[in-house]
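Grab a viewer and work through these short exercises. Try each one yourself before you read the solution.

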Amino acid sequence: LPTAPAAAAARLCSGAGGEAEAADGDGAMLRHLARKLRASGPVTVAEYMREALTNPGQGYYTRRGGVGESGDFITSPEISQVFGELIGIWYISEWMAMGKPNTFQLVELGPGRGTLTDDILRVFNQLASVLSKCDVSVHLVEVSPKLSKMQAVMLTGGKVQPNPEDKSAYMKGFSKTGIPIFWYRDIQDVPPGYSFYLAHEFFDALPIHKFQQTRKGWREVLVDIDPEVPDQLRFVLSPSRTPATQNFIQPEETRDHVEVCPEAGVIVQRLASRIEKDGGAALVADYGHDGTKTDTFRGFRNHKLHDVLSAPGTADLTADVDFSYLRKMAQGRTATLGPIKQREFLKNMGIDLRLKVLLQNSGDTATREQLLHSYDMLMNPEKMGDCFNFFALLPHHRLVHPDKKDKPESKPPLPPVAGFNELLLK
Ligand code: SAH
(Lines give C-alpha, C1' and ligand atoms only; values in the text may rest on other atoms or scores of the structure.)
Protein backbone atom coordinates (compact mmCIF):
# COMPACT_ATOMS: atom_id res chain seq x y z
CA LEU A 1 0.00 0.00 0.00
CA PRO A 2 1.19 3.52 -0.70
CA THR A 3 2.42 5.31 2.38
CA ALA A 4 2.06 8.98 3.16
CA PRO A 5 5.35 10.91 3.14
CA ALA A 6 6.44 13.42 5.76
CA ALA A 7 4.44 16.63 5.50
CA ALA A 8 5.96 19.13 3.09
CA ALA A 9 7.90 21.70 5.06
CA ALA A 10 6.83 25.13 3.96
CA ARG A 11 9.55 27.70 3.44
CA LEU A 12 9.11 31.39 3.09
CA CYS A 13 12.11 33.25 1.89
CA SER A 14 11.05 36.60 3.31
CA GLY A 15 10.58 35.09 6.76
CA ALA A 16 7.18 36.72 7.08
CA GLY A 17 5.28 33.50 7.66
CA GLY A 18 1.62 32.88 8.29
CA GLU A 19 -0.84 30.20 9.21
CA ALA A 20 -2.21 27.96 6.52
CA GLU A 21 -5.65 29.23 5.64
CA ALA A 22 -8.83 27.23 5.73
CA ALA A 23 -10.19 26.13 2.40
CA ASP A 24 -12.89 28.19 0.75
CA GLY A 25 -13.67 29.29 -2.78
CA ASP A 26 -16.30 27.59 -4.84
CA GLY A 27 -14.47 24.28 -4.80
CA ALA A 28 -14.89 23.64 -8.54
CA MET A 29 -11.24 22.69 -9.02
CA LEU A 30 -11.29 20.39 -6.00
CA ARG A 31 -14.42 18.62 -7.32
CA HIS A 32 -12.80 18.27 -10.74
CA LEU A 33 -9.63 16.78 -9.22
CA ALA A 34 -11.52 14.51 -6.84
CA ARG A 35 -13.50 13.04 -9.77
CA LYS A 36 -10.30 12.50 -11.70
CA LEU A 37 -8.48 10.88 -8.77
CA ARG A 38 -11.39 8.57 -8.00
CA ALA A 39 -11.61 7.53 -11.64
CA SER A 40 -7.96 6.97 -12.43
CA GLY A 41 -5.94 6.98 -9.21
CA PRO A 42 -3.27 9.28 -7.80
CA VAL A 43 -1.50 11.86 -9.98
CA THR A 44 2.05 13.22 -9.84
CA VAL A 45 2.65 16.47 -7.97
CA ALA A 46 3.54 17.95 -11.40
CA GLU A 47 0.14 17.09 -12.80
CA TYR A 48 -1.57 18.42 -9.69
CA MET A 49 0.38 21.67 -9.90
CA ARG A 50 -0.35 22.08 -13.62
CA GLU A 51 -4.08 21.60 -13.04
CA ALA A 52 -4.18 23.90 -10.03
CA LEU A 53 -2.23 26.70 -11.73
CA THR A 54 -3.04 26.67 -15.42
CA ASN A 55 -6.14 24.54 -16.01
CA PRO A 56 -7.90 26.56 -18.76
CA GLY A 57 -11.18 26.82 -16.83
CA GLN A 58 -10.32 26.84 -13.14
CA GLY A 59 -6.54 27.32 -12.86
CA TYR A 60 -5.15 29.82 -10.38
CA TYR A 61 -3.34 31.96 -12.98
CA THR A 62 -6.16 31.52 -15.49
CA ARG A 63 -8.80 32.86 -13.13
CA ARG A 64 -7.25 34.68 -10.25
CA GLY A 65 -3.99 36.17 -11.52
CA GLY A 66 -2.63 36.73 -8.06
CA VAL A 67 0.36 39.07 -8.59
CA GLY A 68 0.58 42.40 -6.79
CA GLU A 69 -0.29 44.06 -3.52
CA SER A 70 -4.00 43.27 -3.81
CA GLY A 71 -3.23 39.71 -4.93
CA ASP A 72 -1.59 36.77 -3.18
CA PHE A 73 2.08 37.49 -3.58
CA ILE A 74 4.25 40.49 -4.34
CA THR A 75 7.22 40.49 -6.71
CA SER A 76 10.24 42.78 -7.09
CA PRO A 77 8.97 44.71 -10.12
CA GLU A 78 5.76 45.41 -8.18
CA ILE A 79 7.80 46.68 -5.23
CA SER A 80 10.04 49.14 -7.03
CA GLN A 81 10.39 50.64 -10.51
CA VAL A 82 14.17 50.62 -9.97
CA PHE A 83 14.22 46.82 -10.34
CA GLY A 84 12.89 46.88 -13.92
CA GLU A 85 14.98 49.90 -14.81
CA LEU A 86 18.20 48.13 -13.84
CA ILE A 87 17.16 45.07 -15.83
CA GLY A 88 16.48 47.34 -18.82
CA ILE A 89 20.02 48.67 -18.43
CA TRP A 90 21.33 45.09 -18.31
CA TYR A 91 19.83 44.41 -21.75
CA ILE A 92 21.21 47.63 -23.21
CA SER A 93 24.61 46.88 -21.76
CA GLU A 94 24.58 43.37 -23.29
CA TRP A 95 23.28 44.72 -26.60
CA MET A 96 26.24 47.10 -26.70
CA ALA A 97 28.72 44.42 -25.65
CA MET A 98 27.45 42.19 -28.45
CA GLY A 99 28.18 44.82 -31.08
CA LYS A 100 24.82 46.65 -31.22
CA PRO A 101 22.89 44.37 -33.59
CA ASN A 102 20.34 46.40 -35.58
CA THR A 103 17.34 44.47 -34.31
CA PHE A 104 16.33 42.49 -31.23
CA GLN A 105 13.27 40.91 -29.67
CA LEU A 106 12.63 41.29 -25.95
CA VAL A 107 10.91 38.05 -24.95
CA GLU A 108 9.40 37.83 -21.48
CA LEU A 109 8.12 34.56 -20.04
CA GLY A 110 5.24 34.93 -17.56
CA PRO A 111 5.01 38.74 -17.46
CA GLY A 112 2.45 38.91 -14.60
CA ARG A 113 0.86 42.36 -14.63
CA GLY A 114 3.31 43.63 -17.25
CA THR A 115 5.06 45.99 -14.83
CA LEU A 116 8.57 44.70 -15.51
CA THR A 117 8.27 45.10 -19.28
CA ASP A 118 6.75 48.54 -18.76
CA ASP A 119 9.74 49.64 -16.64
CA ILE A 120 12.18 48.18 -19.17
CA LEU A 121 10.47 49.96 -22.07
CA ARG A 122 10.65 53.24 -20.14
CA VAL A 123 14.43 52.82 -19.91
CA PHE A 124 14.62 51.93 -23.61
CA ASN A 125 12.72 55.13 -24.31
CA GLN A 126 14.96 57.22 -22.04
CA LEU A 127 17.97 55.79 -23.87
CA ALA A 128 16.32 56.15 -27.28
CA SER A 129 19.35 58.00 -28.61
CA VAL A 130 21.53 54.95 -27.85
CA LEU A 131 19.00 52.51 -29.34
CA SER A 132 17.95 54.84 -32.16
CA LYS A 133 19.02 52.62 -35.05
CA CYS A 134 17.77 49.44 -33.43
CA ASP A 135 14.46 47.83 -34.32
CA VAL A 136 12.98 46.53 -31.03
CA SER A 137 9.89 44.34 -30.63
CA VAL A 138 8.35 42.80 -27.50
CA HIS A 139 7.11 39.20 -27.27
CA LEU A 140 5.22 38.05 -24.20
CA VAL A 141 4.65 34.38 -23.38
CA GLU A 142 1.55 34.18 -21.19
CA VAL A 143 -0.98 31.39 -20.72
CA SER A 144 -3.42 33.30 -18.56
CA PRO A 145 -6.15 35.23 -20.47
CA LYS A 146 -6.77 37.28 -17.35
CA LEU A 147 -3.15 38.35 -16.95
CA SER A 148 -2.67 38.99 -20.68
CA LYS A 149 -5.57 41.46 -20.48
CA MET A 150 -3.91 43.21 -17.56
CA GLN A 151 -0.62 43.32 -19.47
CA ALA A 152 -2.40 44.79 -22.49
CA VAL A 153 -3.90 47.56 -20.36
CA MET A 154 -0.57 48.31 -18.68
CA LEU A 155 1.52 48.30 -21.86
CA THR A 156 -0.81 49.45 -24.65
CA GLY A 157 -3.66 51.17 -22.81
CA GLY A 158 -5.82 48.18 -23.82
CA LYS A 159 -5.70 48.81 -27.58
CA VAL A 160 -4.94 45.32 -28.86
CA GLN A 161 -5.86 43.21 -31.85
CA PRO A 162 -6.80 39.58 -31.17
CA ASN A 163 -5.47 36.88 -33.53
CA PRO A 164 -3.35 39.09 -35.80
CA GLU A 165 -2.93 37.56 -39.25
CA ASP A 166 0.76 38.27 -39.72
CA LYS A 167 2.09 36.30 -36.74
CA SER A 168 1.73 33.14 -34.68
CA ALA A 169 0.68 35.42 -31.81
CA TYR A 170 -2.77 35.36 -30.21
CA MET A 171 -2.76 39.11 -29.61
CA LYS A 172 -0.90 42.17 -30.84
CA GLY A 173 -0.63 45.81 -29.82
CA PHE A 174 1.76 48.75 -29.60
CA SER A 175 3.46 50.17 -26.53
CA LYS A 176 2.94 53.80 -25.54
CA THR A 177 6.18 54.53 -27.39
CA GLY A 178 5.16 52.66 -30.54
CA ILE A 179 7.02 49.36 -30.02
CA PRO A 180 5.07 46.34 -31.36
CA ILE A 181 4.04 43.82 -28.70
CA PHE A 182 2.92 40.24 -29.39
CA TRP A 183 1.43 37.61 -27.08
CA TYR A 184 1.93 33.82 -27.28
CA ARG A 185 1.01 30.81 -25.16
CA ASP A 186 4.27 28.97 -25.72
CA ILE A 187 7.90 29.96 -26.27
CA GLN A 188 7.89 27.79 -29.40
CA ASP A 189 5.44 30.19 -31.06
CA VAL A 190 7.83 33.16 -30.69
CA PRO A 191 9.49 33.75 -34.09
CA PRO A 192 13.22 33.01 -34.28
CA GLY A 193 15.64 35.92 -34.25
CA TYR A 194 18.19 37.72 -32.12
CA SER A 195 16.45 37.82 -28.72
CA PHE A 196 16.88 38.91 -25.15
CA TYR A 197 14.86 36.61 -22.91
CA LEU A 198 13.58 37.40 -19.44
CA ALA A 199 12.03 35.06 -16.87
CA HIS A 200 11.28 36.69 -13.53
CA GLU A 201 9.44 34.46 -11.05
CA PHE A 202 8.41 32.26 -13.98
CA PHE A 203 10.30 28.99 -13.48
CA ASP A 204 9.10 28.65 -9.87
CA ALA A 205 5.50 28.42 -11.16
CA LEU A 206 6.23 25.43 -13.44
CA PRO A 207 5.16 21.95 -12.27
CA ILE A 208 7.63 19.91 -10.25
CA HIS A 209 7.91 16.20 -9.58
CA LYS A 210 8.71 15.24 -5.99
CA PHE A 211 10.70 12.19 -5.01
CA GLN A 212 11.59 10.51 -1.75
CA GLN A 213 14.30 7.96 -1.00
CA THR A 214 12.92 4.91 0.85
CA ARG A 215 14.42 1.62 1.98
CA LYS A 216 13.13 0.14 -1.27
CA GLY A 217 14.68 2.88 -3.40
CA TRP A 218 13.33 6.09 -4.93
CA ARG A 219 9.58 6.60 -4.88
CA GLU A 220 7.55 9.44 -6.36
CA VAL A 221 5.28 11.56 -4.16
CA LEU A 222 1.75 11.54 -5.58
CA VAL A 223 -1.48 13.33 -4.80
CA ASP A 224 -4.48 11.19 -3.93
CA ILE A 225 -7.92 11.53 -2.46
CA ASP A 226 -8.20 10.65 1.23
CA PRO A 227 -10.50 7.61 1.50
CA GLU A 228 -11.52 8.61 5.05
CA VAL A 229 -12.51 12.25 4.43
CA PRO A 230 -14.66 13.29 1.45
CA ASP A 231 -12.95 15.63 -1.04
CA GLN A 232 -9.80 15.90 1.04
CA LEU A 233 -6.49 15.50 -0.79
CA ARG A 234 -3.39 13.86 0.67
CA PHE A 235 0.14 12.93 -0.36
CA VAL A 236 1.00 9.28 -0.92
CA LEU A 237 4.11 7.51 -2.15
CA SER A 238 4.11 5.53 -5.37
CA PRO A 239 4.20 1.82 -4.48
CA SER A 240 6.95 1.23 -7.03
CA ARG A 241 9.20 3.25 -9.27
CA THR A 242 7.48 5.59 -11.76
CA PRO A 243 8.72 6.71 -15.21
CA ALA A 244 9.77 9.95 -13.53
CA THR A 245 11.87 8.25 -10.81
CA GLN A 246 13.68 6.41 -13.57
CA ASN A 247 14.31 9.47 -15.73
CA PHE A 248 14.84 12.40 -13.39
CA ILE A 249 16.93 11.18 -10.44
CA GLN A 250 20.66 11.44 -10.96
CA PRO A 251 22.61 8.29 -10.07
CA GLU A 252 24.95 10.41 -7.90
CA GLU A 253 22.06 12.03 -5.95
CA THR A 254 22.80 12.30 -2.21
CA ARG A 255 19.64 14.07 -0.97
CA ASP A 256 16.75 11.95 0.32
CA HIS A 257 14.03 14.30 -0.96
CA VAL A 258 14.34 15.80 -4.44
CA GLU A 259 12.21 18.11 -6.56
CA VAL A 260 12.67 18.17 -10.33
CA CYS A 261 11.01 20.49 -12.83
CA PRO A 262 11.34 18.86 -16.26
CA GLU A 263 9.31 21.63 -17.92
CA ALA A 264 11.91 24.17 -16.75
CA GLY A 265 14.57 21.90 -18.26
CA VAL A 266 12.79 21.80 -21.61
CA ILE A 267 12.38 25.59 -21.67
CA VAL A 268 16.04 26.17 -20.82
CA GLN A 269 17.02 23.76 -23.61
CA ARG A 270 14.89 25.79 -26.01
CA LEU A 271 16.35 29.09 -24.82
CA ALA A 272 19.89 27.75 -25.10
CA SER A 273 19.31 26.40 -28.64
CA ARG A 274 17.76 29.65 -29.76
CA ILE A 275 20.58 31.74 -28.30
CA GLU A 276 23.19 29.44 -29.83
CA LYS A 277 21.54 29.69 -33.25
CA ASP A 278 20.25 33.29 -33.43
CA GLY A 279 22.20 35.13 -30.70
CA GLY A 280 21.06 37.09 -27.69
CA ALA A 281 20.97 36.27 -23.99
CA ALA A 282 18.58 35.09 -21.26
CA LEU A 283 18.24 36.52 -17.78
CA VAL A 284 16.48 34.34 -15.21
CA ALA A 285 15.64 35.71 -11.77
CA ASP A 286 13.90 33.65 -9.13
CA TYR A 287 14.18 32.23 -5.67
CA GLY A 288 16.11 29.05 -5.70
CA HIS A 289 19.16 27.03 -4.84
CA ASP A 290 22.03 25.35 -6.60
CA GLY A 291 20.94 21.73 -6.21
CA THR A 292 20.97 21.59 -2.40
CA LYS A 293 17.40 22.05 -1.15
CA THR A 294 14.93 19.22 -0.74
CA ASP A 295 11.43 20.28 0.13
CA THR A 296 10.33 23.68 -1.12
CA PHE A 297 6.85 23.10 -2.58
CA ARG A 298 4.50 25.65 -0.99
CA GLY A 299 1.39 27.74 -1.54
CA PHE A 300 0.52 31.39 -1.05
CA ARG A 301 -2.79 33.11 -0.65
CA ASN A 302 -3.37 36.68 0.48
CA HIS A 303 0.37 36.97 1.18
CA LYS A 304 0.24 34.08 3.62
CA LEU A 305 1.46 30.52 3.43
CA HIS A 306 -1.27 28.20 2.29
CA ASP A 307 -1.53 24.40 2.51
CA VAL A 308 -0.64 23.20 -1.01
CA LEU A 309 -3.40 20.57 -1.01
CA SER A 310 -6.19 22.74 0.28
CA ALA A 311 -8.59 24.57 -2.06
CA PRO A 312 -6.55 24.05 -5.25
CA GLY A 313 -6.98 26.82 -7.82
CA THR A 314 -7.38 29.50 -5.15
CA ALA A 315 -3.70 29.77 -4.13
CA ASP A 316 -0.38 30.26 -5.89
CA LEU A 317 1.72 27.10 -5.83
CA THR A 318 5.46 27.37 -6.18
CA ALA A 319 8.78 25.58 -5.69
CA ASP A 320 12.33 26.91 -5.51
CA VAL A 321 14.19 26.88 -8.81
CA ASP A 322 17.10 24.42 -8.97
CA PHE A 323 19.72 26.45 -10.86
CA SER A 324 22.11 23.49 -11.04
CA TYR A 325 19.44 21.68 -13.06
CA LEU A 326 18.95 24.68 -15.38
CA ARG A 327 22.72 24.89 -15.92
CA LYS A 328 22.81 21.20 -16.77
CA MET A 329 19.90 21.52 -19.19
CA ALA A 330 21.67 24.28 -21.15
CA GLN A 331 23.82 21.29 -22.22
CA GLY A 332 26.82 23.43 -23.05
CA ARG A 333 24.97 25.12 -25.93
CA THR A 334 25.51 28.43 -24.17
CA ALA A 335 27.68 29.62 -21.35
CA THR A 336 25.92 30.18 -18.02
CA LEU A 337 26.56 32.76 -15.31
CA GLY A 338 25.32 32.62 -11.72
CA PRO A 339 23.27 32.08 -9.73
CA ILE A 340 24.29 35.29 -7.99
CA LYS A 341 22.30 36.80 -5.13
CA GLN A 342 19.82 39.54 -6.00
CA ARG A 343 21.50 42.05 -3.69
CA GLU A 344 24.87 41.48 -5.39
CA PHE A 345 23.38 41.65 -8.87
CA LEU A 346 21.50 44.88 -8.16
CA LYS A 347 24.50 46.41 -6.40
CA ASN A 348 26.66 45.61 -9.42
CA MET A 349 23.99 47.20 -11.62
CA GLY A 350 24.28 50.45 -9.65
CA ILE A 351 21.16 50.39 -7.46
CA ASP A 352 22.84 52.56 -4.80
CA LEU A 353 23.51 55.38 -7.22
CA ARG A 354 20.02 55.10 -8.68
CA LEU A 355 18.50 55.31 -5.18
CA LYS A 356 20.62 58.35 -4.38
CA VAL A 357 19.44 60.18 -7.50
CA LEU A 358 15.79 59.33 -6.82
CA LEU A 359 16.11 60.47 -3.19
CA GLN A 360 17.69 63.75 -4.28
CA ASN A 361 14.91 64.34 -6.80
CA SER A 362 12.03 63.57 -4.47
CA GLY A 363 10.72 66.46 -2.42
CA ASP A 364 8.31 64.80 -0.02
CA THR A 365 9.05 62.58 2.95
CA ALA A 366 6.47 59.94 2.01
CA THR A 367 8.14 59.28 -1.37
CA ARG A 368 11.58 59.15 0.22
CA GLU A 369 10.36 56.69 2.83
CA GLN A 370 8.75 54.56 0.14
CA LEU A 371 12.03 54.53 -1.85
CA LEU A 372 14.03 53.46 1.19
CA HIS A 373 11.48 50.84 2.14
CA SER A 374 11.41 49.26 -1.32
CA TYR A 375 15.23 49.33 -1.49
CA ASP A 376 15.28 47.43 1.80
CA MET A 377 12.77 44.84 0.51
CA LEU A 378 14.87 44.14 -2.59
CA MET A 379 18.31 44.24 -0.96
CA ASN A 380 18.02 43.13 2.67
CA PRO A 381 19.45 39.60 3.02
CA GLU A 382 16.59 38.77 5.39
CA LYS A 383 14.02 39.85 2.79
CA MET A 384 14.57 39.35 -0.95
CA GLY A 385 18.29 40.15 -1.15
CA ASP A 386 19.67 36.69 -0.48
CA CYS A 387 17.09 34.13 -1.55
CA PHE A 388 16.46 35.62 -4.99
CA ASN A 389 19.10 34.83 -7.56
CA PHE A 390 20.09 35.92 -11.04
CA PHE A 391 21.25 33.46 -13.65
CA ALA A 392 22.14 34.08 -17.30
CA LEU A 393 22.60 32.19 -20.53
CA LEU A 394 25.02 33.81 -22.96
CA PRO A 395 26.65 32.75 -26.23
CA HIS A 396 30.11 31.26 -25.54
CA HIS A 397 31.77 33.96 -27.64
CA ARG A 398 30.40 36.58 -25.25
CA LEU A 399 32.68 35.24 -22.49
CA VAL A 400 35.67 33.84 -24.37
CA HIS A 401 37.03 34.68 -27.79
CA PRO A 402 36.52 31.84 -30.26
CA ASP A 403 39.63 29.72 -30.07
CA LYS A 404 41.93 31.23 -32.65
CA LYS A 405 45.46 30.25 -31.73
CA ASP A 406 46.97 32.87 -34.02
CA LYS A 407 47.59 36.20 -32.38
CA PRO A 408 45.20 35.97 -29.42
CA GLU A 409 46.85 39.11 -28.03
CA SER A 410 45.54 41.14 -30.98
CA LYS A 411 41.97 40.76 -29.68
CA PRO A 412 40.52 43.44 -27.42
CA PRO A 413 39.40 42.10 -24.04
CA LEU A 414 35.71 41.19 -23.85
CA PRO A 415 33.69 43.58 -21.66
CA PRO A 416 32.56 41.99 -18.37
CA VAL A 417 28.89 40.99 -18.12
CA ALA A 418 27.09 43.59 -15.98
CA GLY A 419 25.30 42.42 -12.86
CA PHE A 420 27.62 39.46 -12.48
CA ASN A 421 30.39 42.08 -12.50
CA GLU A 422 30.26 45.81 -11.96
CA LEU A 423 28.40 47.75 -14.66
CA LEU A 424 30.77 49.74 -16.86
CA LEU A 425 28.52 51.76 -19.15
CA LYS A 426 30.16 54.44 -21.21
N1 SAH B 1 7.05 37.96 -13.86
C2 SAH B 1 5.94 38.50 -13.11
C3 SAH B 1 4.87 37.46 -12.76
C4 SAH B 1 5.29 36.22 -12.05
S5 SAH B 1 3.90 35.12 -11.76
C6 SAH B 1 6.44 39.22 -11.88
O7 SAH B 1 7.57 39.01 -11.49
O8 SAH B 1 5.69 40.00 -11.30
C9 SAH B 1 4.09 33.88 -12.98
C10 SAH B 1 3.67 34.27 -14.37
O11 SAH B 1 3.88 33.18 -15.25
C12 SAH B 1 2.21 34.65 -14.55
O13 SAH B 1 2.14 35.66 -15.51
C14 SAH B 1 1.61 33.33 -15.05
O15 SAH B 1 0.36 33.48 -15.68
C16 SAH B 1 2.68 32.86 -15.97
N17 SAH B 1 2.72 31.43 -16.25
C18 SAH B 1 2.63 30.43 -15.36
N19 SAH B 1 2.77 29.23 -15.97
C20 SAH B 1 2.97 29.50 -17.27
C21 SAH B 1 3.21 28.68 -18.44
N22 SAH B 1 3.25 27.37 -18.35
N23 SAH B 1 3.40 29.31 -19.61
C24 SAH B 1 3.37 30.66 -19.71
N25 SAH B 1 3.15 31.47 -18.65
C26 SAH B 1 2.94 30.90 -17.47
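**Exercise 1.** Which of the 19 residues around the ligand come nearest?

*Solution.* Bear in mind that this is a predicted model. Start from the shell and pick out the residues that come nearest to the ligand: they are Thr75, Gly110, Gly112, Glu142 and His200.

**Exercise 2.** Work out what polar contacts threonine 75, glycine 112 and histidine 200 make with the ligand, using 3.5 Å as the cut-off between N or O atoms.

*Solution.* Take the side chains, then the backbone.
- Threonine 75: an N or O atom of its side chain is 2.6 Å from a ligand oxygen, so the pair falls within the 3.5 Å cut-off.
- Histidine 200: here a polar side-chain atom lies 2.6 Å from an oxygen of the ligand.
- Glycine 112: this one uses its backbone, with an N or O atom 3.0 Å from a ligand oxygen.

Now look at the cover: on its own the ligand would expose 580 Å², and the protein buries 95% of that.

**Exercise 3.** Describe where the ligand sits and what kinds of residues make up the shell around it.

*Solution.* First find the site: the ligand sits in the largest pocket. Next, sort the shell residues by type, and you get ten nonpolar, six polar and three charged.

**Exercise 4.** Zoom out to the protein chain: how many helices and strands are there, and how does the radius of gyration compare with the globule rule?

*Solution.* Count the elements to get 15 helices and 18 strands. The radius of gyration is 22 Å, close to the 22 Å the globule rule gives for 426 residues, so the chain is as compact as a globular protein of that length. Along its principal axes, the C-alpha trace spans about 70 × 55 × 50 Å.

Notes:
Residues are numbered from 1 along each chain as its sequence is written. This is a predicted model: local features need pLDDT of at least 70, side-chain atom pairs count only at pLDDT 80 or more; totals for chains, interfaces and linings use all residues. Side-chain values use heavy atoms; hydrogens and water are left out. A residue is near a molecule or strand if one of its heavy atoms lies within 4 Å of it. A polar contact is a pair of N or O atoms within 3.5 Å; within protein, one must be able to donate a hydrogen and the other to accept it, and residues adjacent in sequence count only if both atoms are side-chain atoms. Accessible areas come from the Shrake-Rupley method with a 1.4 Å probe; for residues, only the protein chains shown count as cover. On a 1 Å grid over the protein atoms alone, a cavity is a set of points where a 1.4 Å probe fits but cannot get out, and a pocket is an open set with protein on both sides within 12 Å along at least five of seven lines; lining residues have an atom within 4 Å of a point. A molecule sits in a cavity or pocket if more than half of its atoms lie within 2 Å of its grid points. Ala, Val, Leu, Ile, Met, Phe, Trp, Tyr, Cys and Pro count as nonpolar, Asp, Glu, Lys and Arg as charged, and the others, Gly among them, as polar. Helices (H or I, at least four residues) and strands (E, at least two) are DSSP runs, numbered from the N terminus. The radius of gyration is taken over C-alpha atoms; the globule rule is 2.2 Å times the number of residues to the power 0.38.
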